[in-house]
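Reader: I have a model open and would like to go through it with you. Can we start with the helices and work outwards?

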Amino acid sequence: MRFHRAIAVVTGTLMTAALTVAAAAPAGAVGHRYREYVALGDSYTSAPFVPIPDLLSLGCARSYSNYPKMVAAALDVGWLRDVSCGGADTTNMLNPQSTALGTAAPQFDALTSQTDLVTLGIGGNDFGVFGSIVGTCPGLRASDPAGAPCKEHFTVDGVDTLKANLVKTEARIKTVVQGIKQRSPHAKIVLVGYPKIAPQHGTCPDILPFADGDYAYLYSIEQALNAAVSNAAAATGATYVDTFGPSTGHDACAPDGVAWIQGKDLNLLRAANYHPRYEGQAGVASLTVKKLTGKPATVTATEQAGWAAKGRELTKQAATSPAVKAANDRVRTSAQR
């Protein structure tokens with residue numbers, strides 16, 4: 001009960017903080033004002049632990065600072081329904097999703113015939129690809145630190161099983177887009193790709209505890225995942241937002257304030273491990289807005305510096321929030337059980 005009272009006490013404070021995120025949202029002249037925007041996706045969209053968290057989003061772990069909120073602010077959207085949910089895969093578009101704090105409705109329930117903008121960030125959880133990588137590769141590093149034991153583990157009879165599953169993921173995403181079109185026939189549909197976790201060259205085992213040779217393997221899996229999303233967009237007439245290329249230099253190995261991705265360590269005031277920080281959410285929002293407004297898909301040093309400063313400010317706000325502290329204490333307690 002104290003937890004729920006704490007939420008009630010600071011709801012106004014959190015909403016005020018959430019509104020300040022709009023000031024950091026990517027700006028751009030909008031030729032068309034979207035009336036009804038629905039954001040669908042997994043944890044790379046919902047943004048678990050990115051400050052300020054939406055404590056009423058139950059087990060979906062949405063943030064007031066995720067990229068849908070920033071896109072909506074930048075485009076002056078009339079109405080946003082953000083139903084993204086951590087752990088979601090393509091099956092959760094039509095089926096309920098069980099979370100640690102309850103059941104989330106099928107994400108397609110948010111779509112209406114009036115919806116005119118849909119962003120979709122999905123695919124990494126299908127067939128357990130993302131979970132397999134982060135759950136298996138670090139544990140194999142000790143067996144062959146200079147080799148590629150994770151790649152060997154997932155290669156069976158000469159077939160890369162993870163990449164084989166990504167071919168099936170592409171087909172699933174195509175089906176999802178068709179489902180969006182049926183429910184929201186007038187919507188602009190945007191498929192949002194995944195930013196880089198690993199650098200193309202170099203290693204940082206204290207941050208990404210992979211064997212040296214498995215950095216290239218992780219990189220190739222990310223490329224294949226984004227190719228699946230891009231191909232699905234091309235096949236269905238949807239718009240694809242490339243966040244992989246523009247996030248070069250902003251992987252988890254990059255310096256603090258430059259990196260878009262959190263490393264192996266969970267930070268309850270910043271981001272889930274192996275997930276985008278505030279800077280990553282802002283970067284994806286900026287790239288999405290630029291795609292929709294016809295601007296070059298580039299990230300400037302000035303933009304990055306602004307996102308880093310805003311991220312630090314929001315982390316400080318979260319650290320002093322009684323509701324966020326209570327929620328994080330619950331997470332720590334659950335993790336210890």
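Author: Yes. Just after helix H8, Gly 294 has a positive phi of about 75°. The model is a predicted one.

Reader: What distance separates the end C-alpha atoms of H8, and what should its residues span?

Author: Helix H8 covers residues 278-293, which is 16 residues. At 1.5 Å a residue they should span 22 Å, and the end C-alpha atoms are 22 Å apart, which agrees.

Reader: How many residues of H8 are buried?

Author: In H8, 14 of the 16 residues are buried, so the helix is largely enclosed by the rest of the structure.

Reader: And H7, how far does that one reach?

Author: Helix H7, residues 212-236, has 25 residues and reaches 38 Å from its first C-alpha to its last. That is close to the 36 Å expected at 1.5 Å a residue.

Reader: What comes just after H7?

Author: Gly 237, with a positive phi of about 80°.

Reader: Changing topic. How many salt bridges are there?

Author: The count comes to twelve salt bridges. One of them joins the side chains of Asp 82 and Lys 69, at 2.6 Å from N to O.

Reader: Which parts does that pair tie together?

Author: Asp 82 lies in strand E2 (residues 79-82) and Lys 69 in helix H3 (residues 67-74), so the pair ties together parts that are 13 residues apart in sequence.

Reader: Is Asp 82 buried or exposed?

Author: Asp 82 counts as buried, because its relative accessibility is 11% and the cut-off for buried is under 20%.

Reader: What about salt bridges inside a helix?

Author: Lys 174 and Glu 170 form one, at 3.5 Å from N to O. They are four residues apart in helix H6 (residues 161-183), so about one helical turn separates them.

Reader: Why does that spacing suit a pair?

Author: An α-helix has 3.6 residues a turn, so residues three or four places apart point the same way. Side chains of opposite charge can pair when their charged atoms come close.

Reader: And how accessible are Lys 174 and Glu 170?

Author: Lys 174 is partly exposed, with a relative accessible area of 29%. Glu 170 counts as buried at 18%.

Reader: Where does Lys 310 find its partner?

Author: Lys 310 forms a salt bridge with Glu 313, and the closest N and O atoms are 3.4 Å apart. The two are three residues apart in helix H9 (residues 301-319), so again about one helical turn lies between them. Lys 310 is buried, with a relative accessible area of 10%, whereas Glu 313 is partly exposed at 36%.

Reader: Which residues do shared partners join into one network?

Author: Asp 256, Arg 270, Arg 277 and Glu 279 are joined into one network by salt bridges that share partners.

Reader: On to the strands. How many residues of E5 are buried?

Author: Five of the five residues of strand E5 (residues 117-121) are buried, so the strand is largely enclosed by the rest of the structure.

Reader: Which residues are on which side?

Author: Leu 117, Thr 119 and Gly 121 are on one side of E5, and Val 118 and Leu 120 are on the other. Both faces are covered. In a regular strand the side chains alternate between the two faces of the sheet.

Reader: Which strands pair with E5?

Author: Strand E1 (residues 36-41) pairs with E5 in the parallel sense over five bridges. Strand E8 (residues 188-192) also runs parallel to E5, joined by four bridges.

Reader: Give me a bridge partner for each, so I can find them in the viewer.

Author: Between E1 and E5, Val 38 has Val 118 as its bridge partner. Between E5 and E8, the partner of Leu 117 is Lys 188.

Reader: I also clicked on Thr 99. Where is its place?

Author: Thr 99 is in strand E3 (residues 97-99), and it is buried, with a relative accessible area of 15%. A polar atom of the Thr 99 side chain lies 2.7 Å from the backbone oxygen of Gly 102.

Reader: What is Thr 99 in contact with, leaving aside its neighbours within four places in sequence?

Author: Gly 59, Cys 60, Cys 85 and Ala 104.

Reader: Last, the totals for the protein.

Author: There are ten helices and nine strands. Of the 337 residues, 53% count as buried. The accessible surface comes to about 14200 Å², with 56% of that belonging to carbon and sulfur atoms. Among contacts between residues at least 6 apart in sequence, 73% join residues at least 24 apart.

How values were computed: Residues numbered from 1 in each chain as written. Predicted model: local features only at pLDDT ≥ 70, side-chain atom pairs only at ≥ 80, totals over all residues. Heavy atoms only, no water. Salt bridge = Lys/Arg side-chain N within 4 Å of Asp/Glu carboxyl O. Buried < 20%, exposed > 50% of the residue type's maximum accessible area, 1.4 Å probe, protein only. Expected span 1.5 Å × (residues − 1). Pairing = 2+ DSSP bridges. Contact = heavy atoms within 4.5 Å. Areas by Shrake-Rupley, 256 points an atom, 1.4 Å probe, with all protein chains shown as cover. Polar contact = N/O pair within 3.5 Å; in protein donor to acceptor, adjacent residues only side chain to side chain.
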